[in-house]
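Thanks for coming, everyone; I would like to walk you through one structure today, taking the helix packing first and the overall layout afterwards. Please have a look at it on the screen before I go on.

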Amino acid sequence: MSATPNGATTKPFVSHPIRLTLNGQDRQLQVLPWTTLLDLLREQLDLVGSKKGCDHGQCGACTVLRDGKRINACLTLAVMCDGAEVTTIEGLADGDQLHPMQQAFIQRDAFQCGYCTPGQICSAVGLANEGRAHNTAQIQELMSGNLCRCGAYSNIRDAIEDVVLGGDQ
């Protein structure tokens with residue numbers, strides 16, 4: 001403990017150990033309790049595919065997978081991922097072999113500026129894992145948390161349909 005100018009005592013900031021599987025690799029990390037998963041990924045681990053868009057969980061640019069489910073990394077404290085498997089856009093491909101969703105996004109030209117693309121793809125992979133999307137309307141609804149300011153929605157939807165529904169619907 002240390003004293004402040006007015007005589008009050010303060011506790012030092014204490015980092016917490018966490019262990020997680022990140023993109024298939026076991027990692028042991030020390031994080032401060034207020035560190036978001038997004039800040040851990042981008043600032044400490046140099047995994048910058050996940051983007052900081054709104055930093056309020058409203059745009060989906062930061063979407064990653066935790067235990068196969070999509071989450072907003074900007075709203076998730078890193079300590080909440082202790083023991084979890086976290087997959088970012090950097091971890092979807094298997095070496096030079098792209099994930100089928102990544103390949104579909106390329107084939108359908110489902111991006112323009114590309115800023116939202118990592119979050120869109122991770123969200124789409126999570127959507128596929130959930131198994132709740134059985135038609136176009138359900139895909140659109142379940143992807144509504146991911147915004148694209150360029151308006152590439154129809155191509156994004158088509159790419160997701162290719163993977164989730166098996167092609168032209």
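Let me begin with helix α2, residues 100-107, and helix α3, residues 117-130, whose axes in this predicted model come within 9 Å of each other and cross at roughly 130°. Since an angle between 115 and 145 degrees falls outside the parallel, perpendicular and antiparallel ranges, α2 and α3 are therefore oblique to each other, and their crossing is right-handed. On the α2 side the contact is made by Met101, Gln102 and Phe105, while α3 brings Thr117, Gln120, Ile121, Ala124 and Val125. Sorted by class, the contact of α2 with α3 has 5 nonpolar residues and 3 polar ones, with no charged residues.

Now, what does α2 do with α5? Here α2 and α5 pack at an angle of about 140°, with their axes 8 Å apart, and that makes α2 oblique to α5. The crossing of α2 and α5 is right-handed, and the residues that make this contact are Pro100, Met101, Ala104 and Phe105 from α2, together with Ile156, Ala159, Ile160, Val163 and Val164 from α5. By class, the contact of α2 with α5 has 9 nonpolar residues, and neither polar nor charged ones.

That brings me to the cores, and to a general point: in soluble globular proteins, nonpolar side chains tend to be buried together. In this model the largest nonpolar core has 22 residues, and those with the most contacts inside it are Leu92, Met101, Phe105, Ile121, Ile156 and Ile160. At least two residues of this core come from each of α2, α3, α4 (136-142) and α5 (153-164), and α3 gives the most, with 5 residues. If we take Ile121 and leave aside its neighbours within four places in sequence, Ile121 is in contact with Ile89, Leu92, Met101, Gln102 and Phe105. There is also a second, separate core of 20 residues, which includes Leu38, Ile71, Ala84 and Val86.

Finally, let me step back to the whole chain. The protein has 5 helices and 7 strands, and from the N terminus on, its elements run β-β-β-β-α-β-β-β-α-α-α-α. Its C-alpha atoms fill a box of roughly 70 × 30 × 25 Å along the principal axes, and buried residues make up 40% of the 169 residues. Of the contacts with a separation of 6 or more, 54% are between residues 24 or more positions apart.

Notes
Residues are numbered from 1 along each chain as its sequence is written. This is a predicted model: local features need pLDDT of at least 70, side-chain atom pairs count only at pLDDT 80 or more; totals for chains, interfaces and linings use all residues. Side-chain values use heavy atoms; hydrogens and water are left out. Axes are lines fitted to C-alpha atoms, for helices over the stretch in contact, and angles run from 0 to 180 degrees between N-to-C directions. Helices (H or I, at least four residues) and strands (E, at least two) are DSSP runs, numbered from the N terminus. Angles under 35 degrees count as roughly parallel, over 145 as roughly antiparallel, 65 to 115 as roughly perpendicular and the rest as oblique. A crossing is left-handed if the near helix is turned anticlockwise from the far one by less than a right angle, and right-handed if clockwise. Contact means heavy atoms within 4.5 Å. Ala, Val, Leu, Ile, Met, Phe, Trp, Tyr, Cys and Pro count as nonpolar, Asp, Glu, Lys and Arg as charged, and the others, Gly among them, as polar. A nonpolar core is a set of buried Ala, Val, Leu, Ile, Met, Phe, Trp, Tyr and Cys residues joined through side-chain atoms within 4.5 Å. Buried means under 20% relative accessible area, exposed over 50%, partly exposed in between (1.4 Å probe, protein chains only).
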